[in-house]
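Colleague: Please choose one part of this model and take me through it closely, together with whatever surrounds it. I would rather have one connected account than a list.

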Amino acid sequence: MRRTTADIHDLLAAERFLAAEARLAGTFGRVEEAVAPLLRAMRATGRTTYATDPEHGAVWGHAFLRPPYAPAEAEWFVAWGLRFPDGGGGWDGAEPPLPRGPHAVVAAGAAGEPKRRPRTLPHARRGLLPGWSALEGEAAFLAAALPLRELPAGADAMAEALAGWTLARLEELKAALPDLATS
């Protein structure tokens, strides 16, 4: 049974999170600064720098897309951030599997009803986006991941590397999404 109220361990974890929150905001600010021009080019709306998503064990931002990067009758989004799989569920059926430890993630997905997903996703992922995982049963239908251990340890170098990696993955999506939107 999943608890719905905090215990002392949760409160102590919140204390550590609050101490790190300003630094997280600075890191996400660097990522947002790097990706903002690309998102404007993709006509992204409703952009969020970052929010916590305990259900999926993530801290991430997102933006909704407009045609030609999404079908006119669907709400597609791109998302970027950090996942801590031990802290949340979901994405277990990714093919190929996502890292089991903490990782950076960039994803594309469909929100709202109906969740119009690409019909040819497995083929499209292989042909258009090598290195990406296809997801079933989640809002996200594509995800790319980078284990956090592969990022530089220093704070500034890590923020720059995360921003560069995120921008490169979003550029891949920018190139592939118009084809996926019509599939």
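Modeller: Two strands are taken to pair if DSSP finds at least two bridges between them, and this is the sense in which I speak of strands standing opposite one another in what follows, bearing in mind that the model is a predicted one. The part I have chosen is the sheet, with the helices on it.

The sheet is open and has 6 strands in the order β1-β2-β3-β4-β6-β5, with antiparallel pairing. Its edges are β1 (45-53) and β5 (133-134), each of which has a single partner strand, so one side of each is left without a neighbour in the sheet. Within the sheet, strand β3 (residues 75-83) and strand β4 (residues 103-111) pair in the antiparallel sense over 9 bridges, and Val78 stands opposite Ala108 in β4. Helix α1 (residues 8-41) packs on the sheet by touching β1, β2 (58-64) and β3, with a direction that makes about 155 degrees with that of β1. Helix α3 (residues 155-181) also packs on the sheet, where its contacts are with β3, β4 and β6 (140-147), and its direction makes about 25 degrees with that of β4.

One residue of helix α3 shows how this packing looks at the level of side chains, namely Leu177, which counts as buried at 0% relative accessibility. Leaving aside residues up to four places away in sequence, Leu177 touches Met42, Leu65, Pro68, Tyr69, Trp76, Val78 and Ala108, so that list takes in the facing pair Val78 and Ala108 described above. Leu177 and Leu65 are 112 residues apart in sequence, yet their C-alpha atoms are 9.8 Å apart in space. Another partner of Leu177, Pro68, sits in the loop between β2 and β3, and a cis peptide bond with omega of about 10 degrees joins Pro67 to Pro68. A cis peptide bond also joins Glu95 and Pro96, with omega of about -5 degrees, and Pro96 is placed in the loop between β3 and β4. Most peptide bonds are trans.

The two helices are also linked by charged side chains. Asp156 and Arg30 meet in a salt bridge (3.1 Å, N to O), and as Asp156 lies in helix α3 and Arg30 in helix α1, the pair ties together parts that are 126 residues apart in sequence. Arg30 forms a salt bridge with Glu160 as well, the closest N and O atoms being 3.1 Å apart, and this pair links Arg30 in helix α1 to Glu160 in helix α3, 130 residues apart. Asp156 is exposed at 52% relative accessible area, whereas Arg30 is partly exposed at 31% and Glu160 partly exposed at 46%.

At the edge strand β1, Arg47 and Glu32 meet through their side chains in a salt bridge (2.4 Å, N to O), and with Arg47 in strand β1 and Glu32 in helix α1, the pair ties together parts that are 15 residues apart in sequence. Glu32 counts as buried at 13% relative accessibility, and Arg30, Asp156 and Glu160 are joined into one network by salt bridges that share partners.

Strand β1 also holds Asp53, which is buried yet has no salt bridge, the nearest side chain of opposite charge, that of Arg83, being 7.6 Å away. The side chain of Asp53 instead makes a polar contact with that of Trp60 (3.5 Å).

Note on methods. Residues are numbered from 1 along each chain as its sequence is written. This is a predicted model: local features need pLDDT of at least 70, side-chain atom pairs count only at pLDDT 80 or more; totals for chains, interfaces and linings use all residues. Side-chain values use heavy atoms; hydrogens and water are left out. Helices (H or I, at least four residues) and strands (E, at least two) are DSSP runs, numbered from the N terminus. Contact means heavy atoms within 4.5 Å. Axes are lines fitted to C-alpha atoms, for helices over the stretch in contact, and angles run from 0 to 180 degrees between N-to-C directions. Buried means under 20% relative accessible area, exposed over 50%, partly exposed in between (1.4 Å probe, protein chains only). Lys and Arg count as positive and Asp and Glu as negative; His and the chain ends are not counted. A salt bridge is a side-chain nitrogen of Lys or Arg within 4 Å of a carboxyl oxygen of Asp or Glu. A polar contact is a pair of N or O atoms within 3.5 Å; within protein, one must be able to donate a hydrogen and the other to accept it, and residues adjacent in sequence count only if both atoms are side-chain atoms.
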